[in-house]
Amino acid sequence: MLIGVLALQGAFREHQEMLASLGVESRQVRKPEQLEGINGLIIPGGESTTMGKLLNDYHLFEPIRQRALEGMPVFGTCAGLILMAREIIGSVQPRLGLMDMVVERNAFGRQVESFEVDLGVPVLGEKPLRAVFIRAPYIVSTGPGVEVLARYGDKIVLARQGQFLACAFHPELTDDSRLHRLFLECC
């Protein structure tokens, strides 16, 4: 199995380290031809408007959308969640629009208001998942095809739609690999 990790900006190396710890090979994706032969793609956290601009500059938007619509699994974390959304409140920034969800950027506050919490994720078992929220978005609403996997208070922070998985936090910044394993099951 070969997983692509979008490597334009953000926490891509940490995702590669997590995949390596699971014995899975990964490839940094910066050009359309680097999508060839991958079994899935991770879109890491970072700055979603910057990543959207770079996706345009490097001509990656349509190739990623096309591969995803043909069945390639995609896992978006933090900024990746924003890019996967159908709608971003108060923003016209470029997005992939792969998941039927509306998201709010920086919904938990600024950088200094970042936090960690143990999150109940029933699909991963009884043990809570440590979630690192850094200038995190959240999912305001979802369409009928989206399965909500976790909430923090009343805010949706983890969801799945078919072969697409999106979370508002940074699972790559912990040593808990369960969310990455869940994504790999789709691949």
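Biologist: I should like to begin with a single residue. In which loop does Cys-78 lie?

Modeller: Cys-78 lies in the loop that runs between E4 and H4. Please keep in mind throughout that this is a predicted model.

Biologist: How should a backbone angle be read at such a place, and what is phi of Cys-78?

Modeller: The general idea is that most residues other than glycine have a negative phi. Cys-78 is not glycine, and its phi is positive, near 55 degrees.

Biologist: Where else is phi positive in a residue other than glycine?

Modeller: One such residue is His-59, with phi near 55 degrees. His-59 lies in the loop between H2 and H3, and H2 is the helix that precedes it. A glycine can be added for comparison: Gly-71, which follows H3, has a positive phi near 120 degrees.

Biologist: How does one decide whether a residue is buried or exposed, and which word applies to Cys-78?

Modeller: One looks at the relative accessible area: under 20% is buried and over 50% is exposed. Cys-78 has 4%, so it is buried.

Biologist: Is His-59 buried or exposed?

Modeller: His-59 has a relative accessibility of 61%, and therefore counts as exposed. Another exposed loop residue is Gly-153, for which the value is 67%. Gly-153 sits between strand E10 (147-152) and strand E11 (155-161). Its C-alpha atom is 12 Å from that of Ile-139, a residue 14 positions away in sequence.

Biologist: Let us turn to the helices. Which residues of H3 are buried?

Modeller: Helix H3 covers residues 61-69, and its buried residues are Phe-61, Ile-64 and Ala-68. To judge whether such residues share a side, one looks down the helix axis: here they fall within an arc of 75 degrees, so they line one face of H3.

Biologist: Which exposed residues are carried by the face of H3 turned away from the buried side?

Modeller: That face carries Glu-62 and Leu-69, both exposed.

Biologist: What covers the buried residues of H3?

Modeller: The cover includes four strands and a helix: E1 (2-6), E3 (40-43), E4 (74-77) and E12 (164-167), together with helix H2 (48-57).

Biologist: Which residues of H2 are buried, then?

Modeller: In H2 the buried residues are Ser-48, Met-51, Gly-52, Leu-54 and Leu-55. Viewed down the axis of H2, they lie within an arc of 165 degrees, so they too line one face of their helix. They pack against E1, E3, H3 and helix H4 (79-84).

Biologist: Strand E1 appears in both lists. What does Ile-3 touch, leaving aside residues up to four places away in sequence?

Modeller: Ile-3 is a residue of E1, and it counts as buried because its relative accessibility is 0%. Its contacts include Leu-19, Val-24, Ile-38, Ile-42, Phe-183, Leu-184 and Cys-187. Ile-3 and Val-24 are 21 residues apart along the chain, while their C-alpha atoms are separated by 7.5 Å.

Biologist: Which residues does Leu-182 touch, on the same terms?

Modeller: Leu-182 is found in helix H5 (residues 178-186) and is buried, with a relative accessible area of 7%. It touches Val-123, Leu-124, Leu-149, Arg-160 and Leu-165. By contrast, the C-alpha atoms of Leu-182 and Arg-95, 87 residues apart along the chain, are separated by 24 Å.

Biologist: How is the whole protein to be summarised, beginning with how many helices and strands it has?

Modeller: There are 5 helices and 12 strands. Overall form may be judged by the radius of gyration: a compact globule of 187 residues would have a value near 16 Å, and the protein has 15 Å, which agrees. The C-alpha trace spans about 40 × 40 × 35 Å along the principal axes.

Biologist: What share of the residues is buried, and what share of the contacts with a separation of 6 or more comes from residues 24 or more positions apart?

Modeller: Buried residues make up 53% of the 187. Residues 24 or more positions apart account for 64% of those contacts.

Biologist: What can be said of the exposed area and of the mean positions of the charges?

Modeller: The protein exposes about 8,200 Å², of which carbon and sulfur atoms supply 46%. It has 19 positive and 22 negative charges, and their mean positions are 3 Å apart.

Key
Residues are numbered from 1 along each chain as its sequence is written. This is a predicted model: local features need pLDDT of at least 70, side-chain atom pairs count only at pLDDT 80 or more; totals for chains, interfaces and linings use all residues. Side-chain values use heavy atoms; hydrogens and water are left out. Helices (H or I, at least four residues) and strands (E, at least two) are DSSP runs, numbered from the N terminus. The radius of gyration is taken over C-alpha atoms; the globule rule is 2.2 Å times the number of residues to the power 0.38. Buried means under 20% relative accessible area, exposed over 50%, partly exposed in between (1.4 Å probe, protein chains only). Contact means heavy atoms within 4.5 Å. Accessible areas come from the Shrake-Rupley method with a 1.4 Å probe; for residues, only the protein chains shown count as cover. Lys and Arg count as positive and Asp and Glu as negative; His and the chain ends are not counted. The place of a charge is taken as NZ of Lys, CZ of Arg, CG of Asp or CD of Glu. The arc is that of the directions from the helix axis to the C-beta atoms.
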